[in-house]
Amino acid sequence: MAKIIKVYKENVPALRFIGKKYLDADRVDGSFGAKWGEWFENDWFGLLEKLHNGNLADYHENGGAYIGLMRDTVEGVFEYYVGIFMPKDTAPPENFTFVDFPAGELGVCWVYGAEHEVYMHEGECGERLTAEGFNVDGSWCFERYACPRFTAPDEKGNVTLDICFYIKS
């Protein structure tokens with residue numbers, strides 16, 4: 001069973017998310033897993049990583065992590081994006097979209113467990129952040145697949161997925 005093992009605040013610089021947007025109609029069996037597969041098959045992460053000269057981790061602490069960015073629009077439409085946070089002025093490649101975020105603070109939850117268990121804990125993480133005194137800005141949240149927390153299972157075969165929300169000071 002997955003559990004939240006760490007909650008903390010993280011400062012981030014101004015960022016540009018570059019990726020592709022998906023809607024509920026793009027889900028397969030209720031998830032966006034097939035879209036992630038498409039990203040790996042087409043090496044779209046590799047394409048984005050080549051846009052930056054150097055290591056994205058030099059730009060911010062968790063730079064280079066793959067991101068599942070999500071929100072409910074004011075019209076009630078759920079949007080899910082797959083991509084990477086890049087330096088704020090990075091030009092997106094053709095057929096990619098971008099979303100700019102100002103410098104700010106994140107409330108971060110580490111969700112630990114078997115890979116198939118760590119997904120879909122955004123509601124629980126938002127509640128935990130609020131309970132710990134964070135003023136969660138509910139407009140955007142994201143899954144951060146950080147190396148090696150997510151990519152290298154521990155001795156029990158478990159991984160850690162970061163669930164992040166922008167917070168207000």
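**Notebook: buried residues and helix faces in a predicted model**

I began with E79, whose side chain makes a polar contact of 2.9 Å with the side chain of Y81. I keep in mind throughout that the model is a predicted one. A further polar contact, at 2.7 Å, links the side chain of E79 to that of R71. I then placed E79 in the chain and found it in strand β4, which covers residues 78–87.

Is E79 buried or exposed? I looked up its relative accessibility, which is 7%, and since buried means under 20%, E79 counts as buried. Leaving out residues up to four places away in sequence, I listed what E79 touches: K21, Y22, L23, L69, M70, R71, T73 and W140.

**Entry on M70**

M70 appeared among the residues that E79 touches, and I went to it next, finding it in strand β3. With a relative accessibility of 7%, M70 also counts as buried. Its contacts, apart from neighbours within four places in sequence, are F78, E79, Y80, E122, S139, W140, C141 and E143. I also checked the C-alpha separation of M70 and F142, which is 5.8 Å although the two residues lie 72 apart along the chain.

**Entry on the whole chain**

I stepped back to the chain and counted three helices and eight strands. Read from the N terminus, the order of the elements is β-β-α-α-β-β-β-β-α-β-β. The radius of gyration is 15 Å, close to the 15 Å that the globule rule gives for 169 residues, so the chain is as compact as a globular protein of that length. Along the principal axes, the C-alpha atoms fill a box of roughly 40 × 35 × 35 Å.

I noted that 49% of the 169 residues count as buried. The chain exposes about 8,800 Å², of which carbon and sulfur atoms supply 50%. Where contacts join residues at least 6 apart in sequence, 77% of them are between residues at least 24 apart.

**Entry on the nonpolar cores**

Which residues have the most contacts inside the largest nonpolar core? That core has 33 residues, and the two I was looking for are W39 and Y80. A second core, separate from it, has 17 residues, among them L15, L69, V99 and F101. I followed W39 further and, setting aside neighbours within four places in sequence, found it in contact with G19, K20, Y22, W44, F45, L48, V82, G83 and F96.

**Entry on helix α1**

W39 led me to helix α1, residues 33–42, where the buried residues are K35, W36 and W39. Seen down the helix axis, these buried residues fall within an arc of 105 degrees, so they line one face of α1. On the other side of α1, I found F40 and E41 exposed. I then asked what covers the buried residues of α1, and the answer includes β2 (15–23), α2 (44–49), β3, β4 and β7. Just after α1 comes D43, for which I noted a positive phi of about 55 degrees.

**Entry on helix α3**

I repeated the check for helix α3, residues 122–131, and its buried residues are E122, C125, G126 and L129. Viewed down the axis of α3, they fall within an arc of 100 degrees, so they line one face of the helix. E127 and A131, on the other side of α3, are exposed. Against which strands do the buried residues of α3 pack? I found β1 (3–12), β3 (66–72), β6 (104–113), β7 (135–145) and β8 (159–168). One of these buried residues, E122, I had already met in the contact list of M70. After α3 comes G133, whose phi is positive and near 95 degrees.

**Entry on T160**

My last residue was T160, which has its place in strand β8. The relative accessibility of T160 is 8%, and T160 therefore counts as buried. Apart from neighbours within four places in sequence, T160 is in contact with I5, W110, V111, Y112, R149 and F150.

Definitions and conventions. Residues are numbered from 1 along each chain as its sequence is written. This is a predicted model: local features need pLDDT of at least 70, side-chain atom pairs count only at pLDDT 80 or more; totals for chains, interfaces and linings use all residues. Side-chain values use heavy atoms; hydrogens and water are left out. A nonpolar core is a set of buried Ala, Val, Leu, Ile, Met, Phe, Trp, Tyr and Cys residues joined through side-chain atoms within 4.5 Å. Buried means under 20% relative accessible area, exposed over 50%, partly exposed in between (1.4 Å probe, protein chains only). Contact means heavy atoms within 4.5 Å. Helices (H or I, at least four residues) and strands (E, at least two) are DSSP runs, numbered from the N terminus. A polar contact is a pair of N or O atoms within 3.5 Å; within protein, one must be able to donate a hydrogen and the other to accept it, and residues adjacent in sequence count only if both atoms are side-chain atoms. The radius of gyration is taken over C-alpha atoms; the globule rule is 2.2 Å times the number of residues to the power 0.38. Accessible areas come from the Shrake-Rupley method with a 1.4 Å probe; for residues, only the protein chains shown count as cover. The arc is that of the directions from the helix axis to the C-beta atoms.
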